[in-house]
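The following exercises concern one protein model. Please study the sequence and the structure before working through them.

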Amino acid sequence: MSDLNCKLLIIGAGPGGYICAIRAGQLGIDTIVVDEGKPGGTCLNVGCIPSKAMIHAADEFYKMAHAGSGPLGISTGSPTIDLKQTVAWKDGIVERLNTGVAGLMKKAKARFVSGRARFLDGKTVEVTDNDGTKTIRAEYIVVASGSAPVELPFLPFGGSILSSTDALNLTEVPDSLAVVGGGYIGLELGTVFAKLGAKVTVVEAEDRILPLYDKALTAPVAKRLKDLGVTVMTGTKAQGYADGTLSTDKGDIAAEKVLVTVGRRPRTVGIGIEELALTQDGPFVKIDKFCQTSMRGIYAIGDVTGEPMLAHRAMAQGEMVAERIAGHSVEWDKRAIPAVCFTDPEVVTCGALPGELEGTKSADFPFMANGRAMTTEREDGFIRVVWREADHAVVGIQAVGAGISEMSAAFSLAIEMGACLEDIASTIHAHPTQSEGLQEACLRALGHALHI
Ligand code: FAD
Ligand code: NAD
(Lines give C-alpha, C1' and ligand atoms only; values in the text may rest on other atoms or scores of the structure.)
(Ligands and ions follow the chains in the order given, each with its own letter.)
Protein backbone atom coordinates (compact mmCIF):
# COMPACT_ATOMS: atom_id res chain seq x y z
CA MET A 1 0.00 0.00 0.00
CA SER A 2 1.41 3.39 -0.98
CA ASP A 3 0.07 6.65 0.39
CA LEU A 4 -0.40 9.88 -1.50
CA ASN A 5 -1.20 13.34 -0.20
CA CYS A 6 -2.66 16.35 -1.94
CA LYS A 7 -4.67 19.48 -1.23
CA LEU A 8 -7.56 18.55 -3.55
CA LEU A 9 -8.78 15.09 -4.47
CA ILE A 10 -11.47 14.71 -7.12
CA ILE A 11 -13.45 11.47 -7.50
CA GLY A 12 -14.40 11.18 -11.17
CA ALA A 13 -12.80 12.63 -14.31
CA GLY A 14 -16.00 13.42 -16.21
CA PRO A 15 -16.76 16.98 -17.37
CA GLY A 16 -17.24 18.09 -13.76
CA GLY A 17 -14.12 16.43 -12.38
CA TYR A 18 -11.66 17.08 -15.19
CA ILE A 19 -12.58 20.78 -15.48
CA CYS A 20 -12.27 21.13 -11.69
CA ALA A 21 -8.82 19.49 -11.92
CA ILE A 22 -7.62 21.71 -14.78
CA ARG A 23 -8.80 24.93 -13.10
CA ALA A 24 -7.37 23.84 -9.74
CA GLY A 25 -4.05 23.07 -11.41
CA GLN A 26 -4.04 26.49 -13.10
CA LEU A 27 -4.58 28.04 -9.67
CA GLY A 28 -1.59 26.18 -8.24
CA ILE A 29 -3.58 23.72 -6.11
CA ASP A 30 -1.90 20.34 -5.65
CA THR A 31 -4.60 18.12 -7.21
CA ILE A 32 -5.23 14.40 -7.78
CA VAL A 33 -8.11 13.06 -9.91
CA VAL A 34 -9.20 9.44 -9.55
CA ASP A 35 -11.26 7.58 -12.12
CA GLU A 36 -11.87 3.90 -12.69
CA GLY A 37 -12.51 4.59 -16.38
CA LYS A 38 -10.98 6.75 -19.07
CA PRO A 39 -10.74 10.53 -18.67
CA GLY A 40 -13.84 12.35 -19.90
CA GLY A 41 -16.50 10.36 -18.01
CA THR A 42 -19.94 9.56 -19.37
CA CYS A 43 -20.03 12.63 -21.61
CA LEU A 44 -16.91 11.94 -23.59
CA ASN A 45 -16.89 8.12 -23.58
CA VAL A 46 -20.53 7.03 -23.79
CA GLY A 47 -22.66 10.19 -23.82
CA CYS A 48 -22.57 13.62 -25.47
CA ILE A 49 -19.74 13.06 -27.93
CA PRO A 50 -20.45 9.52 -29.20
CA SER A 51 -24.18 10.23 -29.48
CA LYS A 52 -23.55 13.38 -31.51
CA ALA A 53 -21.14 11.47 -33.76
CA MET A 54 -23.81 8.83 -34.46
CA ILE A 55 -26.45 11.54 -35.01
CA HIS A 56 -24.17 13.11 -37.62
CA ALA A 57 -23.56 9.79 -39.39
CA ALA A 58 -27.30 9.01 -39.47
CA ASP A 59 -28.09 12.50 -40.80
CA GLU A 60 -25.58 12.09 -43.63
CA PHE A 61 -26.95 8.64 -44.51
CA TYR A 62 -30.54 9.84 -44.44
CA LYS A 63 -29.79 12.88 -46.61
CA MET A 64 -28.10 10.70 -49.23
CA ALA A 65 -30.85 8.11 -49.13
CA HIS A 66 -33.58 10.71 -49.62
CA ALA A 67 -31.95 13.35 -51.83
CA GLY A 68 -33.50 11.82 -54.93
CA SER A 69 -37.03 12.38 -53.65
CA GLY A 70 -36.39 16.06 -52.80
CA PRO A 71 -36.99 19.19 -54.89
CA LEU A 72 -33.33 20.09 -55.53
CA GLY A 73 -32.80 18.13 -58.72
CA ILE A 74 -30.21 15.85 -57.10
CA SER A 75 -30.30 12.15 -57.88
CA THR A 76 -28.37 9.54 -55.94
CA GLY A 77 -28.09 5.77 -55.79
CA SER A 78 -29.06 3.78 -52.72
CA PRO A 79 -26.43 4.36 -50.03
CA THR A 80 -25.38 1.58 -47.68
CA ILE A 81 -23.80 1.90 -44.26
CA ASP A 82 -21.18 -0.27 -42.59
CA LEU A 83 -22.10 0.46 -38.98
CA LYS A 84 -18.95 -1.29 -37.74
CA GLN A 85 -16.89 1.33 -39.55
CA THR A 86 -19.12 4.16 -38.31
CA VAL A 87 -18.65 2.94 -34.72
CA ALA A 88 -14.87 2.69 -35.27
CA TRP A 89 -14.86 6.31 -36.54
CA LYS A 90 -16.86 7.37 -33.46
CA ASP A 91 -14.43 5.48 -31.19
CA GLY A 92 -11.52 7.26 -32.88
CA ILE A 93 -13.00 10.64 -31.92
CA VAL A 94 -13.50 9.44 -28.36
CA GLU A 95 -9.88 8.25 -28.17
CA ARG A 96 -8.55 11.56 -29.47
CA LEU A 97 -10.55 13.38 -26.81
CA ASN A 98 -9.44 10.93 -24.05
CA THR A 99 -5.86 11.75 -24.91
CA GLY A 100 -6.68 15.46 -25.13
CA VAL A 101 -8.30 15.58 -21.68
CA ALA A 102 -5.44 13.57 -20.13
CA GLY A 103 -2.98 16.01 -21.72
CA LEU A 104 -4.85 19.08 -20.46
CA MET A 105 -4.88 17.71 -16.89
CA LYS A 106 -1.17 16.91 -17.13
CA LYS A 107 -0.41 20.39 -18.49
CA ALA A 108 -2.21 21.84 -15.45
CA LYS A 109 -0.05 19.54 -13.25
CA ALA A 110 -3.09 17.65 -11.91
CA ARG A 111 -2.16 14.00 -11.26
CA PHE A 112 -4.46 11.27 -12.67
CA VAL A 113 -4.77 8.08 -10.62
CA SER A 114 -6.55 5.11 -12.15
CA GLY A 115 -8.79 3.02 -9.89
CA ARG A 116 -12.00 2.85 -7.90
CA ALA A 117 -12.29 5.32 -5.04
CA ARG A 118 -14.02 4.82 -1.72
CA PHE A 119 -14.13 7.15 1.28
CA LEU A 120 -12.45 5.87 4.44
CA ASP A 121 -13.25 9.11 6.25
CA GLY A 122 -13.90 12.75 5.34
CA LYS A 123 -10.24 13.34 4.45
CA THR A 124 -9.11 9.93 3.22
CA VAL A 125 -9.99 7.88 0.18
CA GLU A 126 -8.93 4.35 -0.69
CA VAL A 127 -8.24 3.66 -4.37
CA THR A 128 -8.25 0.11 -5.73
CA ASP A 129 -7.11 -1.07 -9.14
CA ASN A 130 -5.61 -4.26 -10.57
CA ASP A 131 -2.24 -3.44 -8.98
CA GLY A 132 -3.66 -3.14 -5.45
CA THR A 133 -4.88 -0.48 -3.08
CA LYS A 134 -3.51 2.91 -2.08
CA THR A 135 -4.82 5.62 0.19
CA ILE A 136 -4.96 9.28 -0.71
CA ARG A 137 -5.29 12.00 1.93
CA ALA A 138 -6.60 15.41 1.00
CA GLU A 139 -7.66 18.66 2.62
CA TYR A 140 -10.61 18.96 0.21
CA ILE A 141 -12.50 16.25 -1.68
CA VAL A 142 -14.85 16.77 -4.62
CA VAL A 143 -17.36 14.03 -5.46
CA ALA A 144 -17.87 14.10 -9.24
CA SER A 145 -18.92 10.47 -9.69
CA GLY A 146 -21.66 11.21 -12.21
CA SER A 147 -24.60 9.00 -13.10
CA ALA A 148 -25.57 5.66 -14.65
CA PRO A 149 -28.63 4.56 -16.64
CA VAL A 150 -31.73 3.54 -14.69
CA GLU A 151 -32.53 -0.13 -15.22
CA LEU A 152 -36.15 -1.32 -15.21
CA PRO A 153 -36.48 -4.54 -13.15
CA PHE A 154 -38.65 -6.14 -15.84
CA LEU A 155 -36.27 -5.11 -18.65
CA PRO A 156 -32.77 -5.81 -17.28
CA PHE A 157 -29.90 -4.73 -19.55
CA GLY A 158 -28.29 -7.54 -21.53
CA GLY A 159 -29.00 -9.46 -24.73
CA SER A 160 -31.67 -7.62 -26.72
CA ILE A 161 -32.28 -5.06 -23.95
CA LEU A 162 -29.92 -2.17 -24.56
CA SER A 163 -28.68 0.74 -22.46
CA SER A 164 -27.60 3.91 -24.28
CA THR A 165 -24.00 2.65 -24.09
CA ASP A 166 -24.97 -0.62 -25.82
CA ALA A 167 -26.94 1.23 -28.50
CA LEU A 168 -23.95 3.44 -29.31
CA ASN A 169 -21.89 0.33 -30.02
CA LEU A 170 -24.29 -1.68 -32.19
CA THR A 171 -22.50 -2.86 -35.31
CA GLU A 172 -25.66 -3.67 -37.26
CA VAL A 173 -28.84 -1.68 -37.70
CA PRO A 174 -31.68 -3.72 -36.14
CA ASP A 175 -34.76 -4.27 -38.30
CA SER A 176 -36.95 -3.03 -35.47
CA LEU A 177 -36.19 -1.10 -32.29
CA ALA A 178 -38.50 -0.25 -29.41
CA VAL A 179 -37.37 2.72 -27.33
CA VAL A 180 -38.73 2.81 -23.79
CA GLY A 181 -38.64 6.46 -22.60
CA GLY A 182 -39.19 9.37 -24.98
CA GLY A 183 -36.80 11.80 -23.26
CA TYR A 184 -33.43 13.20 -24.36
CA ILE A 185 -31.57 9.96 -24.97
CA GLY A 186 -34.45 7.89 -26.33
CA LEU A 187 -35.35 10.50 -28.94
CA GLU A 188 -31.77 11.33 -29.95
CA LEU A 189 -30.84 7.68 -30.44
CA GLY A 190 -34.28 6.58 -31.67
CA THR A 191 -33.95 9.16 -34.46
CA VAL A 192 -30.49 7.82 -35.33
CA PHE A 193 -31.79 4.30 -35.89
CA ALA A 194 -34.93 5.49 -37.70
CA LYS A 195 -32.73 7.43 -40.13
CA LEU A 196 -30.56 4.36 -40.61
CA GLY A 197 -33.62 2.35 -41.62
CA ALA A 198 -34.85 0.60 -38.45
CA LYS A 199 -38.58 0.48 -37.71
CA VAL A 200 -38.63 2.49 -34.47
CA THR A 201 -41.41 2.63 -31.88
CA VAL A 202 -41.12 5.00 -28.91
CA VAL A 203 -42.98 4.06 -25.74
CA GLU A 204 -43.40 7.03 -23.39
CA ALA A 205 -45.24 6.86 -20.06
CA GLU A 206 -46.26 10.56 -20.01
CA ASP A 207 -48.81 12.06 -22.38
CA ARG A 208 -46.16 13.52 -24.72
CA ILE A 209 -42.52 13.12 -25.69
CA LEU A 210 -39.92 15.30 -23.94
CA PRO A 211 -42.47 15.99 -21.19
CA LEU A 212 -40.17 18.55 -19.54
CA TYR A 213 -40.77 20.94 -22.45
CA ASP A 214 -44.07 22.55 -23.40
CA LYS A 215 -46.23 21.15 -26.20
CA ALA A 216 -45.45 23.92 -28.71
CA LEU A 217 -41.73 23.16 -28.47
CA THR A 218 -42.12 19.42 -28.88
CA ALA A 219 -44.76 19.50 -31.66
CA PRO A 220 -42.23 19.98 -34.54
CA VAL A 221 -40.17 17.06 -33.16
CA ALA A 222 -43.28 14.84 -32.98
CA LYS A 223 -44.18 15.78 -36.56
CA ARG A 224 -40.71 15.00 -37.86
CA LEU A 225 -40.67 11.65 -36.04
CA LYS A 226 -43.92 10.81 -37.82
CA ASP A 227 -42.41 11.82 -41.16
CA LEU A 228 -39.43 9.55 -40.40
CA GLY A 229 -41.84 6.66 -39.87
CA VAL A 230 -41.38 6.50 -36.08
CA THR A 231 -44.41 5.32 -34.12
CA VAL A 232 -44.80 7.22 -30.85
CA MET A 233 -46.97 5.64 -28.17
CA THR A 234 -47.56 8.14 -25.37
CA GLY A 235 -49.31 7.37 -22.09
CA THR A 236 -47.93 3.85 -22.47
CA LYS A 237 -45.97 1.70 -20.03
CA ALA A 238 -43.65 -1.10 -21.03
CA GLN A 239 -44.19 -4.35 -19.10
CA GLY A 240 -41.69 -6.93 -20.29
CA TYR A 241 -39.90 -8.53 -23.23
CA ALA A 242 -39.93 -12.06 -24.55
CA ASP A 243 -39.41 -13.73 -27.95
CA GLY A 244 -38.92 -10.52 -29.92
CA THR A 245 -41.98 -8.82 -28.44
CA LEU A 246 -42.16 -5.88 -26.04
CA SER A 247 -45.38 -6.01 -24.09
CA THR A 248 -46.99 -2.76 -22.95
CA ASP A 249 -50.29 -1.84 -21.31
CA LYS A 250 -51.46 -0.68 -24.77
CA GLY A 251 -50.51 -3.81 -26.71
CA ASP A 252 -47.51 -5.72 -28.03
CA ILE A 253 -44.68 -4.33 -30.18
CA ALA A 254 -42.44 -6.50 -32.34
CA ALA A 255 -38.87 -5.44 -31.58
CA GLU A 256 -35.55 -7.06 -32.42
CA LYS A 257 -33.92 -4.77 -29.82
CA VAL A 258 -35.26 -2.67 -26.95
CA LEU A 259 -33.46 0.51 -25.87
CA VAL A 260 -34.30 1.54 -22.31
CA THR A 261 -33.80 5.25 -21.63
CA VAL A 262 -35.94 6.12 -18.63
CA GLY A 263 -33.53 8.47 -16.88
CA ARG A 264 -30.22 8.30 -15.04
CA ARG A 265 -29.41 7.67 -11.37
CA PRO A 266 -26.58 9.27 -9.40
CA ARG A 267 -23.51 7.09 -8.76
CA THR A 268 -23.47 7.23 -4.97
CA VAL A 269 -23.38 3.56 -4.05
CA GLY A 270 -20.07 1.92 -3.17
CA ILE A 271 -18.21 5.22 -2.76
CA GLY A 272 -18.74 5.42 1.00
CA ILE A 273 -21.15 8.34 0.80
CA GLU A 274 -23.70 6.50 2.96
CA GLU A 275 -21.06 5.81 5.62
CA LEU A 276 -20.12 9.48 5.71
CA ALA A 277 -23.84 10.21 6.06
CA LEU A 278 -23.74 13.13 3.63
CA THR A 279 -27.18 14.72 3.49
CA GLN A 280 -29.04 13.63 0.36
CA ASP A 281 -31.68 15.33 -1.75
CA GLY A 282 -33.70 12.29 -2.80
CA PRO A 283 -31.13 9.98 -4.40
CA PHE A 284 -28.71 12.88 -5.08
CA VAL A 285 -26.01 14.46 -2.89
CA LYS A 286 -27.36 17.70 -1.42
CA ILE A 287 -25.29 20.81 -2.08
CA ASP A 288 -25.51 24.52 -1.32
CA LYS A 289 -24.73 27.48 -3.60
CA PHE A 290 -21.00 26.75 -3.24
CA CYS A 291 -21.47 23.05 -4.17
CA GLN A 292 -20.52 22.31 -0.54
CA THR A 293 -22.07 19.12 0.90
CA SER A 294 -23.23 18.70 4.50
CA MET A 295 -19.65 17.79 5.53
CA ARG A 296 -17.05 20.59 5.60
CA GLY A 297 -14.34 20.20 3.01
CA ILE A 298 -16.39 17.82 0.84
CA TYR A 299 -17.92 19.25 -2.32
CA ALA A 300 -20.09 17.58 -4.96
CA ILE A 301 -20.62 18.58 -8.59
CA GLY A 302 -22.32 17.35 -11.74
CA ASP A 303 -24.89 14.58 -12.21
CA VAL A 304 -24.40 13.19 -8.69
CA THR A 305 -26.03 16.43 -7.44
CA GLY A 306 -29.17 16.11 -9.59
CA GLU A 307 -30.95 17.86 -12.44
CA PRO A 308 -30.25 19.30 -14.85
CA MET A 309 -27.85 16.47 -15.63
CA LEU A 310 -25.87 18.29 -18.29
CA ALA A 311 -22.17 18.32 -19.05
CA HIS A 312 -21.85 22.11 -19.18
CA ARG A 313 -23.50 22.49 -15.76
CA ALA A 314 -21.02 19.98 -14.31
CA MET A 315 -18.14 21.90 -15.93
CA ALA A 316 -19.30 25.28 -14.58
CA GLN A 317 -19.67 23.79 -11.09
CA GLY A 318 -16.20 22.22 -11.33
CA GLU A 319 -14.62 25.52 -12.29
CA MET A 320 -16.39 27.35 -9.47
CA VAL A 321 -15.38 24.81 -6.83
CA ALA A 322 -11.71 24.98 -7.86
CA GLU A 323 -11.81 28.76 -7.54
CA ARG A 324 -13.52 28.56 -4.16
CA ILE A 325 -10.88 26.16 -2.87
CA ALA A 326 -8.25 28.63 -4.11
CA GLY A 327 -9.89 31.23 -1.86
CA HIS A 328 -11.81 33.20 -4.48
CA SER A 329 -15.14 34.69 -3.47
CA VAL A 330 -17.42 32.82 -5.87
CA GLU A 331 -20.84 31.20 -5.68
CA TRP A 332 -23.36 29.64 -8.07
CA ASP A 333 -24.98 32.75 -9.49
CA LYS A 334 -25.90 31.66 -13.01
CA ARG A 335 -29.15 33.10 -14.31
CA ALA A 336 -29.80 30.25 -16.72
CA ILE A 337 -28.40 26.91 -17.86
CA PRO A 338 -29.10 26.25 -21.55
CA ALA A 339 -30.30 22.77 -22.49
CA VAL A 340 -30.19 21.35 -25.98
CA CYS A 341 -31.93 18.23 -27.17
CA PHE A 342 -30.22 17.09 -30.38
CA THR A 343 -33.35 15.68 -31.95
CA ASP A 344 -34.43 16.56 -35.48
CA PRO A 345 -35.26 19.43 -35.31
CA GLU A 346 -33.15 20.41 -32.31
CA VAL A 347 -34.72 21.95 -29.22
CA VAL A 348 -33.03 24.64 -27.09
CA THR A 349 -34.31 26.02 -23.82
CA CYS A 350 -32.69 28.68 -21.69
CA GLY A 351 -34.23 30.41 -18.69
CA ALA A 352 -37.95 30.69 -17.94
CA LEU A 353 -40.65 29.02 -20.02
CA PRO A 354 -43.88 30.92 -20.77
CA GLY A 355 -46.06 31.14 -17.66
CA GLU A 356 -43.26 29.98 -15.36
CA LEU A 357 -42.67 33.44 -13.84
CA GLU A 358 -45.36 35.88 -12.82
CA GLY A 359 -45.52 39.13 -14.76
CA THR A 360 -43.96 37.69 -17.91
CA LYS A 361 -45.18 37.43 -21.50
CA SER A 362 -43.92 35.58 -24.56
CA ALA A 363 -43.74 36.06 -28.32
CA ASP A 364 -42.39 33.85 -31.06
CA PHE A 365 -41.18 34.06 -34.63
CA PRO A 366 -41.72 31.07 -36.94
CA PHE A 367 -38.96 29.87 -39.28
CA MET A 368 -41.62 29.73 -42.00
CA ALA A 369 -41.09 33.49 -42.28
CA ASN A 370 -37.27 33.26 -42.27
CA GLY A 371 -35.46 33.38 -45.61
CA ARG A 372 -32.48 31.30 -44.49
CA ALA A 373 -34.79 28.52 -43.27
CA MET A 374 -36.41 28.38 -46.72
CA THR A 375 -33.02 28.05 -48.44
CA THR A 376 -32.16 25.03 -46.28
CA GLU A 377 -35.57 23.35 -46.81
CA ARG A 378 -36.22 23.49 -43.07
CA GLU A 379 -39.03 25.87 -42.26
CA ASP A 380 -40.21 23.89 -39.22
CA GLY A 381 -39.87 25.45 -35.79
CA PHE A 382 -39.61 28.88 -34.20
CA ILE A 383 -37.71 31.07 -31.73
CA ARG A 384 -39.58 32.30 -28.68
CA VAL A 385 -38.70 34.98 -26.19
CA VAL A 386 -40.10 35.33 -22.65
CA TRP A 387 -39.83 38.78 -21.11
CA ARG A 388 -40.75 40.63 -17.90
CA GLU A 389 -43.54 43.11 -18.53
CA ALA A 390 -42.23 45.61 -15.95
CA ASP A 391 -38.83 46.28 -17.56
CA HIS A 392 -38.75 44.19 -20.75
CA ALA A 393 -35.87 42.07 -19.35
CA VAL A 394 -35.51 38.85 -21.36
CA VAL A 395 -35.81 36.00 -18.85
CA GLY A 396 -36.20 33.04 -21.20
CA ILE A 397 -35.50 32.05 -24.79
CA GLN A 398 -36.53 28.78 -26.40
CA ALA A 399 -36.28 27.53 -29.94
CA VAL A 400 -36.93 24.47 -32.03
CA GLY A 401 -35.36 24.20 -35.44
CA ALA A 402 -32.79 22.38 -37.57
CA GLY A 403 -29.26 23.17 -36.34
CA ILE A 404 -30.57 25.61 -33.72
CA SER A 405 -28.16 24.24 -31.06
CA GLU A 406 -25.46 26.59 -32.36
CA MET A 407 -27.62 29.55 -31.36
CA SER A 408 -27.83 28.47 -27.73
CA ALA A 409 -24.83 30.65 -26.81
CA ALA A 410 -26.64 33.77 -28.05
CA PHE A 411 -29.60 32.84 -25.87
CA SER A 412 -27.62 32.28 -22.67
CA LEU A 413 -25.41 35.33 -23.30
CA ALA A 414 -28.47 37.57 -23.67
CA ILE A 415 -30.00 36.30 -20.43
CA GLU A 416 -26.72 36.28 -18.48
CA MET A 417 -25.95 39.88 -19.59
CA GLY A 418 -29.43 41.03 -18.55
CA ALA A 419 -30.50 42.04 -22.08
CA CYS A 420 -33.93 43.55 -22.57
CA LEU A 421 -36.13 43.25 -25.67
CA GLU A 422 -34.88 46.58 -27.03
CA ASP A 423 -31.20 45.47 -26.75
CA ILE A 424 -31.75 42.41 -28.94
CA ALA A 425 -34.20 44.13 -31.28
CA SER A 426 -31.69 46.93 -32.00
CA THR A 427 -28.68 44.62 -32.46
CA ILE A 428 -27.87 44.00 -36.13
CA HIS A 429 -28.32 40.29 -36.89
CA ALA A 430 -26.59 39.04 -40.05
CA HIS A 431 -28.79 38.23 -43.03
CA PRO A 432 -29.75 35.61 -44.09
CA THR A 433 -29.43 33.60 -40.85
CA GLN A 434 -31.75 31.74 -38.51
CA SER A 435 -30.59 34.17 -35.84
CA GLU A 436 -32.75 36.90 -37.35
CA GLY A 437 -35.61 34.95 -35.79
CA LEU A 438 -34.42 36.01 -32.33
CA GLN A 439 -34.36 39.68 -33.31
CA GLU A 440 -37.77 39.32 -34.94
CA ALA A 441 -39.26 37.59 -31.88
CA CYS A 442 -38.12 40.58 -29.78
CA LEU A 443 -39.49 43.04 -32.35
CA ARG A 444 -42.75 41.12 -32.33
CA ALA A 445 -42.85 41.35 -28.55
CA LEU A 446 -42.45 45.14 -28.92
CA GLY A 447 -45.33 45.18 -31.41
CA HIS A 448 -43.39 45.92 -34.61
CA ALA A 449 -42.04 42.73 -36.19
CA LEU A 450 -40.79 43.45 -39.71
CA HIS A 451 -41.10 40.12 -41.49
CA ILE A 452 -44.42 38.81 -40.25
P1 FAD B 1 -19.74 11.67 -15.48
O2 FAD B 1 -19.50 12.20 -16.84
O3 FAD B 1 -20.75 10.58 -15.34
O4 FAD B 1 -18.32 11.19 -14.91
C5 FAD B 1 -18.22 10.58 -13.68
C6 FAD B 1 -16.91 9.80 -13.66
O7 FAD B 1 -16.73 9.32 -12.33
C8 FAD B 1 -16.89 8.58 -14.57
O9 FAD B 1 -15.77 8.65 -15.43
C10 FAD B 1 -16.79 7.39 -13.62
O11 FAD B 1 -15.97 6.35 -14.13
C12 FAD B 1 -16.15 8.03 -12.40
N13 FAD B 1 -16.46 7.35 -11.15
C14 FAD B 1 -17.68 7.15 -10.58
N15 FAD B 1 -17.55 6.54 -9.40
C16 FAD B 1 -16.23 6.35 -9.21
C17 FAD B 1 -15.45 5.76 -8.17
N18 FAD B 1 -16.00 5.27 -7.05
N19 FAD B 1 -14.10 5.73 -8.32
C20 FAD B 1 -13.50 6.21 -9.43
N21 FAD B 1 -14.18 6.78 -10.43
C22 FAD B 1 -15.52 6.84 -10.31
N23 FAD B 1 -25.15 16.25 -21.60
C24 FAD B 1 -25.05 17.40 -22.32
O25 FAD B 1 -24.84 18.46 -21.74
N26 FAD B 1 -25.15 17.38 -23.68
C27 FAD B 1 -25.38 16.24 -24.37
O28 FAD B 1 -25.47 16.27 -25.59
C29 FAD B 1 -25.49 15.03 -23.65
N30 FAD B 1 -25.69 13.86 -24.28
C31 FAD B 1 -25.73 12.69 -23.57
C32 FAD B 1 -25.95 11.51 -24.26
C33 FAD B 1 -25.99 10.31 -23.57
C34 FAD B 1 -26.20 9.03 -24.33
C35 FAD B 1 -25.80 10.31 -22.16
C36 FAD B 1 -25.80 9.02 -21.40
C37 FAD B 1 -25.61 11.48 -21.46
C38 FAD B 1 -25.58 12.70 -22.16
N39 FAD B 1 -25.41 13.91 -21.51
C40 FAD B 1 -25.35 15.08 -22.24
C41 FAD B 1 -25.27 13.99 -20.05
C42 FAD B 1 -23.78 14.15 -19.67
O43 FAD B 1 -23.06 13.05 -20.17
C44 FAD B 1 -23.63 14.24 -18.16
O45 FAD B 1 -24.44 15.30 -17.67
C46 FAD B 1 -22.19 14.51 -17.76
O47 FAD B 1 -21.33 13.51 -18.23
C48 FAD B 1 -22.07 14.59 -16.24
O49 FAD B 1 -20.74 14.84 -15.89
P50 FAD B 1 -20.17 14.39 -14.46
O51 FAD B 1 -18.76 14.90 -14.42
O52 FAD B 1 -21.10 14.81 -13.40
O53 FAD B 1 -20.21 12.81 -14.45
P1 NAD C 1 -35.09 11.72 -19.52
O2 NAD C 1 -35.47 12.08 -18.14
O3 NAD C 1 -34.75 12.80 -20.49
O4 NAD C 1 -36.27 10.90 -20.20
C5 NAD C 1 -36.78 9.74 -19.64
C6 NAD C 1 -38.19 9.56 -20.20
O7 NAD C 1 -38.62 8.25 -19.86
C8 NAD C 1 -39.19 10.53 -19.63
O9 NAD C 1 -39.88 11.14 -20.68
C10 NAD C 1 -40.11 9.64 -18.77
O11 NAD C 1 -41.43 10.11 -18.74
C12 NAD C 1 -39.99 8.31 -19.47
N13 NAD C 1 -40.23 7.14 -18.64
C14 NAD C 1 -39.82 6.91 -17.36
N15 NAD C 1 -40.20 5.67 -16.96
C16 NAD C 1 -40.85 5.09 -18.01
C17 NAD C 1 -41.44 3.82 -18.24
N18 NAD C 1 -41.45 2.87 -17.29
N19 NAD C 1 -42.01 3.57 -19.45
C20 NAD C 1 -42.00 4.52 -20.43
N21 NAD C 1 -41.45 5.75 -20.26
C22 NAD C 1 -40.88 6.02 -19.08
O23 NAD C 1 -33.93 10.64 -19.36
P24 NAD C 1 -32.86 10.09 -20.41
O25 NAD C 1 -33.34 10.27 -21.79
O26 NAD C 1 -32.55 8.71 -19.93
O27 NAD C 1 -31.61 11.03 -20.16
C28 NAD C 1 -31.04 11.13 -18.85
C29 NAD C 1 -30.41 12.48 -18.64
O30 NAD C 1 -29.26 12.59 -19.48
C31 NAD C 1 -31.32 13.63 -19.02
O32 NAD C 1 -32.04 14.07 -17.90
C33 NAD C 1 -30.38 14.68 -19.51
O34 NAD C 1 -30.10 15.57 -18.45
C35 NAD C 1 -29.12 13.92 -19.90
N36 NAD C 1 -28.97 13.98 -21.38
C37 NAD C 1 -28.81 15.18 -21.98
C38 NAD C 1 -28.70 15.25 -23.37
C39 NAD C 1 -28.53 16.58 -24.02
O40 NAD C 1 -28.23 17.53 -23.33
N41 NAD C 1 -28.69 16.66 -25.33
C42 NAD C 1 -28.76 14.10 -24.13
C43 NAD C 1 -28.94 12.90 -23.48
C44 NAD C 1 -29.03 12.85 -22.10
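**Exercise 1.** Does Asp-344 count as buried or exposed?

*Solution.* The model is predicted: local features need pLDDT of at least 70 and side-chain atom pairs pLDDT 80 or more, while totals for chains, interfaces and linings use all residues. Residues are numbered from 1 along each chain as its sequence is written, chains are lettered from A and ligands numbered from 1 in the order in which they are written, and side-chain values use heavy atoms, leaving out hydrogens and water.

Step 1. Buried means under 20% relative accessible area, exposed over 50%, and partly exposed in between (1.4 Å probe, protein chains only).

Step 2. Asp-344 has 10% relative accessibility, so this residue counts as buried.

**Exercise 2.** Identify the salt-bridge partner of Asp-344 and locate both residues in the chain.

*Solution.* Step 1. A salt bridge requires a side-chain nitrogen of Lys or Arg within 4 Å of a carboxyl oxygen of Asp or Glu. Arg-378 meets this rule with Asp-344, as their closest N and O atoms are 2.7 Å apart.

Step 2. Helices (H or I, at least four residues) and strands (E, at least two) are DSSP runs, numbered from the N terminus. Arg-378 belongs to the loop between α10 (371–375) and β23, and Asp-344 to the loop between β20 and β21; 34 residues separate them.

Step 3. Arg-378 is buried, at a relative accessible area of 18%. Both residues belong to a salt-bridge network that also includes Asp-59, Lys-195, Arg-224 and Asp-380.

**Exercise 3.** Describe the sheet that contains β20 and β21.

*Solution.* Step 1. Strands pair if DSSP finds at least two bridges between them. An open, antiparallel sheet of 5 strands results, in the order β20-β21-β24-β23-β22.

Step 2. β20 (339–341) and β22 (360–366) each have a single partner strand, so one side of each lacks a neighbour in the sheet.

Step 3. Between β21 (residues 346–351) and β24 (residues 394–401) there are 6 bridges. Thr-349 faces Gln-398 of β24.

**Exercise 4.** Which salt bridge links β23 to the loop between β10 and α7?

*Solution.* Step 1. The side chains of Arg-384 and Asp-214 form a salt bridge, at 2.6 Å from N to O.

Step 2. Arg-384 lies in β23 and Asp-214 in the loop between β10 and α7, so the bridge ties together parts 170 residues apart in sequence.

Step 3. Arg-384 is buried, with a relative accessible area of 5%.
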